[in-house]
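Hi,

Here is the structure I said I would pass on. Have a look at it first, and then read my notes below.

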Amino acid sequence: MRTEEKVLGVDVSICASALEAIFAECDRYDHDETGGRILGTFRRERDGALGITVNGVIGPGPNARRSSSSFFQDGEYQAQVFRHVERTHPDIEHLGNWHTHHVNGYPTLSGGDVETYQRIVNHQNHNLDFFYALLVVARNPEASGLDRYRARHYVLFRDDNRVHEVDVERISVTDEAVIWPTDTDLVRPTPLPDVTIRVQDKTTLERLYPDIRSYQSKRANAFYWRGAVRLIDDSVIQLTVPELMDDEQPPKPFYQVFVKDMPEVCSTIVKQLGEQHFQSAAEAVYSCEQQMNRALYQAVLGAEG
Ligand SMILES: [Zn+2]
């Protein structure tokens, strides 16, 4: 029998950029569960209270497997990132995991989640005597920024079969620097500058491809669109559509499209696609989707023919 008890003895302090990295991953996978690892430090107070400080998250990795009700991380990738982070931050621990349930509406940890976390925290190779789990439980479509998702925080202790939920009053979001991912502070969603083509793209993309958002990279002073598109075989590709300037006087913007996570049969058209210039980001996304779907369809015809 499992209980969820609010334990007053746990404080969680999480840096805004780590939370943003989690929510950005949620934006990318709004149909399937996703998740990753949580990095940070902890301290024990004299009275036994536990203080958890989160200052990094490792994404699921390129070979993660997802569905609307399950999720398996790419452990090899995550171990590699952890070793890299450890070199510069030797005090950093793997505190636990985060994953999402807003896609299936299940408002708390599942029996399977609890079983897995208990196995981890009671394992002889587990460094810490607790395991921290952050669960994204709901999306707030009306809210923006860090309010766009709602998360619950849990701690499981060794030799204790209860699941403790951290009191919301004892969770704080800070401006501390994030240690991983390293580019989160450089690339943030920004309000849209008043450029006609960008405004038109926003209207079109919002309606047809709600996953795709505009970004401004401060370091490179670049403007681009990025997000996920679902193809006819139900696979999800990741698109980046940078805005570039031509050599005309005055210069006019044009757009290119670059694709990640595409189905095998689409890889042949990617190079040709990457060389095309489009007059708008919406046209670039639409054209890419059409060409990929055509390649998928032809592959099916070929297989049958
Ligand atoms: Zn779960």
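**The loop with P181**

P181 sits in the loop that runs between strand 11 (171-174) and strand 12 (187-189). What is the peptide bond from W180 to P181, cis or trans? It is cis, with omega near 0°. Before you zoom in any further, keep in mind that this is a predicted model.

A little further along, take some care. Over residues 184-191 the pLDDT stays under 50, and for that stretch the model has 16 contacts beyond four places in sequence. Where pLDDT is low, the predicted coordinates should not be read in detail. For the chain as a whole, the average pLDDT is 86, and 91% of the residues score at least 70.

**The whole chain**

The chain is split into domain 1, covering 4-174, and domain 2, covering 187-304. How far apart are the C-alpha centres of domain 1 and domain 2? They lie 31 Å apart.

As for secondary structure, you will find six helices and 17 strands. The C-alpha trace spans about 70 × 50 × 40 Å along its principal axes. The radius of gyration of the chain is 22 Å, which agrees with the value near 19 Å for a compact globule of 305 residues. Buried residues account for 30% of the 305 residues. Now for the contacts between residues at least 6 apart in sequence: 62% of them join residues at least 24 apart.

**Strands 8, 9 and 10**

This is a good place to start browsing. Strand 8 (residues 130-139) pairs with strand 9 (residues 149-157) in the antiparallel sense, over nine bridges. If you want a landmark there, R139 stands opposite Y149 in strand 9.

Strand 9 also runs antiparallel to strand 10 (residues 163-166), and two bridges join them. Which residue in strand 10 is the bridge partner of Y154? That is E165. Strand 9 and strand 10 form a hairpin, with five residues between them.

D159 is in the loop between those two strands, 9 and 10. Its phi is positive, about 55°, although D159 is not a glycine. Is D159 buried or exposed? D159 has 8 other C-beta atoms within 10 Å, so it is exposed.

**Helix 3**

Helix 3 covers residues 111-121, and D113, Y117 and V121 are its buried residues. Seen down the axis of helix 3, the buried residues fall within an arc of 60°, so they line one face of the helix. What do they pack against? The buried residues of helix 3 pack against strand 8 and strand 9, the two strands that pair over nine bridges. On the other side of helix 3, the residues G111, G112, E115 and R119 are exposed.

**Two more residues to click on**

T41 is in strand 3 (residues 35-44). T41 has 15 C-beta neighbours inside 10 Å, so it counts as partly exposed; the partly exposed class lies between the exposed cut-off of 12 or fewer and the buried cut-off of 20 or more. Leaving aside its neighbours within four places in sequence, which residues is T41 in contact with? They are T53, D91, I92 and E93. You can also relate T41 to helix 3 through V121: the two residues are 80 residues apart along the chain, and their C-alpha atoms are separated by 16 Å.

D261 is in the loop between strand 17 (258-260) and helix 5 (267-275). D261 has a positive phi of about 60° although it is not a glycine. With 12 C-beta neighbours inside 10 Å, D261 counts as exposed.

That covers my notes.

Best wishes

Definitions and conventions: Residues numbered from 1 in each chain as written. Predicted model: local features only at pLDDT ≥ 70, side-chain atom pairs only at ≥ 80, totals over all residues. Helix = DSSP H or I, 4+ residues; strand = E, 2+ residues; numbered from the N terminus. Rg over C-alpha atoms; globule rule 2.2 N^0.38 Å. Contact = placed C-beta atoms within 7 Å. pLDDT = per-residue confidence, 0-100. Pairing = 2+ DSSP bridges. Arc of directions from axis to C-beta. Domains from an automatic or database assignment.
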